[in-house]
Amino acid sequence: MRFVALILASLLLVGTAVAEPGRSPTYAAVQARLQRGWNSWDTNTVTGQVLLPYGLQVRLGVKRDSALNTNAFLPTALIGRKSAGQETVFPGPHSYDGSYTELRLNWRGIALRLETAHVGDDLIMLVSPLPAPAQAPSARVAGAAVANTTFPYDAEAPSQPAIAILSAAMIWNRPGSVANEGRNIVARLPGNVITFYPAGSVIDDAQVPVTGPYFAFRLDHPAGISTGTARTVPEITALVASARAAFIARTAAAGTAAEVRGAIETVLGWDTIYDPAVRRVVSPVSRIWNQSWGGSVLFDWDTFFAATMASLNNRDLAYANALEVLNEATPAGFVPNFARSGGWKSWDRSEPPVGAVTILGLYTRFHDRWLLEDSYDRLLKWNLWWPANRSVGDYLVWGSDPSHGPVNPDDKSAGTLQGAMYESGLDNSPMYDDAGFDGRRMQLADVGLMSLYIADCDALAVIAKTLGRTRDAAQLRARAGRYRRGLATLWDPATHIFRNKDLRTGQLSEHLSPTNFYPLLANVPSSHMADQMIREHLLNPAEFWGDRIIPSIARNDPGFKDQDYWRGRIWGPMNYLLWRGLGNYRTAQALSARQQLSERSLALFMAEWRSKGHVHENYSAVSADSDTIATTDWFYHWGALLGFIGPNVANAESRPVANKRSRRERRF
């Protein structure tokens with residue numbers, strides 16, 4: 001009966017999926033599989049569970065209770081909030097399907113654990129009080145000084161136990177009703193009825209800023225709820241423990257990579273949401289970013305990398321991430337830098353072209369031909385856009401062209417050098433500090449862009465051949481050859497590395513970043529040249545090497561000392577692309593460098609993951625503490641690329657696809 005109800009609800013609520021632009025029937029079925037069951041689908045909080053396709057939510061709020069004047073209510077919680085007085089969330093395991101989730105929350109002297117699990121179609125939630133975190137003496141003194149009274153201050157542990165508020169409501173303006181019926185809460189949905197049963201001693205507390213029905217539990221003991229049937233706290237505790245054990249057992253199958261694979265699944269599990277405006281399951285970079293971008297935002301290469309990470313053990317989510325960001329392509333044919341809620345996007349600029357490499361990687365892993373058929377035309381249009389709009393002779397440059405489409409009234413970077421820097425994805429890199437700009441294009445031949453574009457052509461040529469598009473494949477190989485020849489002229493024989501070129505003066509740039517190694521990704525330099533680059537630059541401690549690698553600008557660059565964003569910090573996508581590039585070479589130098597890069601990247605990722613539950617947007621290149629600047633999100637999924645490239649984590653990815661090109665095309 002529940003299956004019939006779910007099918008009915010799917011037809012009523014998400015039956016338009018097939019009609020969505022870019023969704024073939026096969027891909028619509030992928031989204032339909034993702035859009036079902038209980039999970040943390042609501043981007044606005046990690047303490048809520050939503051039942052898809054209905055839009056029924058049960059959410060934990062926390063009431064700080066006191067006997068004086070420090071009562072407060074926490075209606076939602078997010079991972080990575082930084083302001084004083086806000087909650088701290090330590091993310092625990094989160095399975096992709098929501099069958100087990102766990103987090104620890106600290107807020108204003110209150111500490112608790114929230115666990116959720118599935119029992120068939122039922123949801124169970126368990127809230128357990130934890131010992132209050134110790135308050136540092138300096139914080140107590142500071143609080144008293146600010147208050148200058150005998151009243152307690154906000155961060156001080158209250159005398160009264162916290163109160164857990166588990167409320168239920170329909171969200172996203174979905175049809176249905178939720179009401180108290182006796183001692184239970186009953187949701188009446190299209191074709192279904194869900195009953196929430198309390199577990200624990202419900203208290204009568206009318207002073208709660210919640211509009212819908214709720215259960216209130218005083219957290220001097222664990223409490224919870226269940227659907228489907230009434231369950232006691234000991235029963236829920238045992239079921240939650242079983243679900244946690246199942247998560248651990250499943251990830252343990254990865255052997256030595258079990259911990260990091262579990263971490264990657266957890267990162268993507270918490271960052272994956274349901275976007276009700278577009279009716280899709282997708283993995284934006286973080287929930288914190290979603291808040292300031294209207295509810296949801298997809299960035300080009302970030303989302304493709306999320307697809308690659310999800311491919312470790314969730315085919316459907318990998319496909320959803322890759323295809324949904326492709327679905328955001330503009331009428332001009334390029335995948336935009338960003339696409340956010342409300343239909344706004346960067347109509348003036350794209351971002352690094354990693355789509356074809358990503359799609360080919362997914363096909364190599366899963367062998368689903370329909371994925372190539374679904375994505376090919378859009379990938380080809382994007383590939384053609386680059387030479388038509390960003391070519392200067394046989395070079396490619398970054399740009400920002402406001403004539404491409406609608407004007408975004410709040411984006412002042414369109415048609416500026418900063419807009420072109422945003423297109424590079426390296427928003428404030430010292431490489432572009434003194435670059436020229438002609439109103440549309442940066443006047444700098446860019447080694448990184450050209451290398452990524454060549455790799456895009458090569459991957460797309462393989463896809464074209466697989467689909468029988470032989471003419472396209474030949475043209476793609478010809479375009480790769482054109483820019484391969486242009487890239488050859490950027491080799492500096494004096495310093496043995498490829499360098500960006502100022503197109504105003506003809507001078508090679510003095511700035512070096514990991515993008516100067518991207519020709520390895522395009523399989524361009526000879527083995528001898530690759531070894532020179534690796535030995536003289538990558539492994540040079542004055543430039544890139546060290547315990548914390550790889551900095552986003554060389555250590556001896558004046559911009560490195562800034563340690564702000566792309567000015568010297570370490571970024572997962574740079575390490576990942578370099579790791580892939582090194583995998584194209586079988587010399588002892590390349591193999592050793594790749595192994596060390598793999599090990600040190602994993603160590604960097606796991607240190608912050610184990611100690612804080614942080615997955616940084618970017619990491620410090622000089623300090624063991626990456627929290628020291630404001631410009632790093634603490635739970636940004638591409639930071640997990642540092643773990644993805646760890647030893648034995650992504651074995652299939654470590655075998656690069658062989659490109660069948662002539663000797664002349666392969667090496668210049």
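Q: Where does P519 lie in this predicted model?
A: P519 lies in a loop, between β24 (501-502) and α14 (527-538).

Q: Is P519 buried or exposed?
A: The general idea is a cut-off: buried means under 20% relative accessible area. P519 has a relative accessible area of 0%, so P519 is buried.

Q: What is P519 in contact with, leaving aside its neighbours within four places in sequence?
A: Its contacts are V447, S451, L487, F498, V524, P525 and Y585. Distance in sequence and distance in space are separate things to read. P519 and M450 are 69 residues apart in sequence, but their C-alpha atoms are 8.2 Å apart in space.

Q: What is the order of the strands in the open sheet?
A: Read a sheet strand by strand, from one edge across. Here eight strands run in the order β5-β6-β7-β8-β14-β12-β11-β10, with antiparallel pairing. The edge strands are β5 (88-94) and β10 (177-181), and each pairs on one side only. Neighbouring strands in this sheet are turned by 15° against each other on average, direction ignored.

Q: Over how many bridges do β8 and β14 pair?
A: Four bridges link β8 (residues 122-129) and β14 (residues 223-227), in the antiparallel sense. For a single example, take I124: its bridge partner in β14 is S226.

Q: Which strands does helix α4 lie across?
A: Look at which strands a helix covers, then at the angle. Helix α4 (residues 233-252) lies across β5, β6 (100-107), β7 (110-119), β8, β12 (192-199) and β14. Its direction is at about 100° to β8. Helix α5 (residues 258-271) lies across β5 and β6, at about 115° to β5.

Q: How many residues does the largest nonpolar core have?
A: The largest nonpolar core has 181 residues. L56, F196 and L538 have the most contacts inside this core. Helix α12 (residues 447-466) gives the most to it, with 13 residues.

Q: What is F196 in contact with, leaving aside its neighbours within four places in sequence?
A: Its contacts include W38, L56, V58, A168 and N184. I185, A187 and F215 are also among them. So are I225, S226 and T227. S226 has come up already, as the bridge partner of I124.

Q: Which residues does the second, separate core include?
A: This core of nine residues includes L126, A199, V240 and A243.

Q: How much space lies in the second largest pocket?
A: The general idea is a rolling test. Rolling a probe the size of a water molecule over the atoms shows where empty space is left. In this structure, about 480 Å³ lies in the second largest pocket.

Q: Which residues lie nearest the centre of the second largest pocket?
A: W293, F299, N337, F338 and R349 do, out of 26 lining residues. Then ask which elements supply the lining. For this pocket, α6 (287-292), α7 (300-310) and β18 (338-340) each supply at least two residues.

Q: How many cavities of 30 Å³ or more are there?
A: The count comes to five. The second largest cavity has a volume of about 90 Å³. Its lining has 13 residues, with F305, V354, V357, T358 and L577 nearest its centre. α7, α9 (355-366), α12 and α15 (572-582) each supply at least two lining residues. Helix α7 also supplies at least two residues to the lining of the second largest pocket.

Q: Which residues does the cis peptide bond with omega of about 10° join?
A: Read omega for the peptide bond, then place the residue. That cis bond joins L52 and P53. P53 lies in the loop between β2 (48-52) and β3 (56-64). The peptide bond from I549 to I550 is also cis, with omega near 5°. I550 lies in the loop between α14 and α15.

Q: What is phi of R279?
A: Phi of R279 is near 55°, a positive value in a residue other than glycine. R279 sits in the loop between β15 (273-275) and β16 (280-282). With a relative accessible area of 27%, R279 is partly exposed.

Q: Is Q563, with its positive phi, buried or exposed?
A: Q563 is buried, because its relative accessible area is 9%. Its phi is about 45°, although Q563 is not a glycine. Q563 lies in the loop between α14 and α15.

Definitions and conventions:
Residues numbered from 1 in each chain as written. Predicted model: local features only at pLDDT ≥ 70, side-chain atom pairs only at ≥ 80, totals over all residues. Heavy atoms only, no water. Pairing = 2+ DSSP bridges. Axes fitted to C-alpha atoms, helices over the stretch in contact; angles between N-to-C directions. Contact = heavy atoms within 4.5 Å. Buried < 20%, exposed > 50% of the residue type's maximum accessible area, 1.4 Å probe, protein only. Core = buried A, V, L, I, M, F, W, Y, C linked by side-chain atoms within 4.5 Å. 1 Å grid on protein atoms, 1.4 Å probe; cavity = no way out; pocket = protein on both sides within 12 Å on 5 of 7 lines; lining within 4 Å. Points joined across faces, edges and corners; volume = space filled by probe spheres on them.
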